Amino acid sequence: MKWHGFAAGMGIALSCVGCSGSVENDEAWGTAQEALTTTYQAESAVDIDEGVIETVHTGYRGAGYLNIDNFNNTFAWYIINRPVAGTVAVTVRYANGGTTNRPIRVSAGSSSAQITGAPTGSWTTWVTATVNVTFAAGNNDFYLSSVSNEGMPNVDEFSLAQTFTRTYQAESAFDIDEGVVETIHAGYTGSGYLNIDNFNNTFAWYIVNSPAAVTVPVTVRYANGTTGNRPIAVSANGGTPVQITAPPTGSWTTWATATVNIPLAAGDNDFFLRSVVSGGMPNIDKFDITW
Ligand SMILES: [Ca+2]
Ligand SMILES: [Ca+2]
Ligand SMILES: [Ca+2]
Ligand SMILES: [Ca+2]
């Protein structure tokens, strides 16, 4: 999955006249670069020292591939902006028509890892290998460099994929119908928790921005101080709800988590937590979504 074309950051402050509880969603929406995978063409280097961009051997993508000079410590330099700090899976596509390994050193700042760069059988046979490198938030100096006298394989492109998690506080709902935000029972995170009214079909509505159309794990943190299940129906954009059973947790101050998988569309999603029994839902502290 690839996602190019980053939108400018959007500030958002939603108001909801007459809603119970919080009416402002403070999620940081200006992080559209949190794409699941971003692909860079090797030939788009800021600088190559020393080597050439070629189109001799077929099978490359984009406008060509990087053929670095066959020396140790030759490199291609890229500037890569990341929305958040953290470990990124870097997948490099290369061809090595030689008969010996041509390792590729992959580095961002002071973090580096090495790809073996084994022979691929021919210069038109392209393979991928993945290493984990740690990036800083913002611009990173990123290098592909040789560590042997054979230089690197020919390099076509590389892709960056980074898992990230956003926390949505239940009390930051765009709309709650009907219920209140409370701080009575300890152990919640953020500024409180959602205590939905004890009816069937009460709900809290959130706007969840996803960088791609993808099914994501949603982990809901809740407390159920009663003696019966209070299922939570989780859904997005009118899709089929997936239920969390939400059995009793022993007390209202004992918080538990449960995870369901929910398909999201790219962009803003109408995301709902809804009661399906007359007891309403448990008290809900937050939910975490990992992309
Ligand atoms: Ca070369
Ligand atoms: Ca290419
Ligand atoms: Ca309630
Ligand atoms: Ca909370």
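Donors are N, O and S atoms within 2.8 Å of the metal (3.2 Å for Na, K and Ca); water is not among the atoms, so sites may look incomplete. This is a predicted model: local features need pLDDT of at least 70, side-chain atom pairs count only at pLDDT 80 or more, and totals for chains, interfaces and linings use all residues. Residues are numbered from 1 along each chain as its sequence is written, chains are lettered from A and ligands numbered from 1 in the order in which they are written, and side-chain values use heavy atoms, with hydrogens and water left out.

**Stop 1: ligand 1**

Select the calcium ion (ligand 1). Its protein donors are Asn-67 (OD1), Ile-68 (O) and Asn-70 (OD1), at 2.2 to 2.4 Å. Along the sequence, these donor residues are spaced N-I-x1-N. Now colour Ile-68 by accessibility: at 1% relative accessibility, Ile-68 is buried. Buried means under 20% relative accessible area, exposed over 50%, partly exposed in between (1.4 Å probe, protein chains only).

**Stop 2: ligand 2**

Go to the calcium ion (ligand 2). Its protein donors are Gln-41 (OE1), Glu-43 (OE, listed twice), Arg-61 (O), Gly-64 (O) and Asp-156 (O and OD), lying 2.3 to 2.8 Å away. The spacing reads Q-x1-E-x17-R-x2-G-x91-D. Glu-43 and Asp-156 link distant parts of the chain, 113 residues apart. Glu-43 sits in the loop between E1 and E2, Asp-156 in strand E11 (residues 154–161). Strands (E, at least two residues) and helices (H or I, at least four) are DSSP runs, numbered from the N terminus. Both Glu-43 and Asp-156 are buried.

**Stop 3: Thr-39**

Pick Thr-39, in strand E1 (residues 37–41). Thr-39 is buried, with a relative accessible area of 13%. Show its side chain and that of Ser-159: the two make a polar contact at 2.9 Å. Such a contact is a pair of N or O atoms within 3.5 Å; within protein, one must be able to donate a hydrogen and the other to accept it, and residues adjacent in sequence count only if both atoms are side-chain atoms.

**Stop 4: E2, E5 and E10**

Select strand E2 (residues 47–49) and strand E5 (residues 75–82). Three bridges join them, and they run antiparallel. Two strands pair if DSSP finds at least two bridges between them. Asp-49 stands opposite Phe-75 in E5. Add strand E10 (residues 138–146), which pairs with E5 in the antiparallel sense over eight bridges. Ile-79 has Asp-141 in E10 as its bridge partner.

**Stop 5: ligand 4**

Which protein atoms are the donors of the calcium ion (ligand 4)? They are Gln-169 (OE1), Glu-171 (OE, listed twice), Thr-189 (O), Gly-192 (O) and Asp-285 (O and OD), at 2.2 to 2.8 Å. Thr-189 lies in the loop between strand E14 (179–182) and strand E15 (193–196) and Asp-285 in strand E22 (residues 283–290), so the pair ties together parts that are 96 residues apart in sequence. Thr-189 is partly exposed, at 26% relative accessible area. Asp-285 is buried, at 0%.

**Stop 6: a five-strand sheet**

Finish at the open sheet of five strands, in the order E13-E16-E21-E18-E19, with antiparallel pairing. Strand E13 (175–177) and strand E19 (242–244) stand at the edges with a single partner strand each, so one side of each is left without a neighbour in the sheet. Inside the sheet, strand E18 (residues 232–236) and strand E21 (residues 267–275) pair over five bridges. Val-234 stands opposite Leu-273 in E21.
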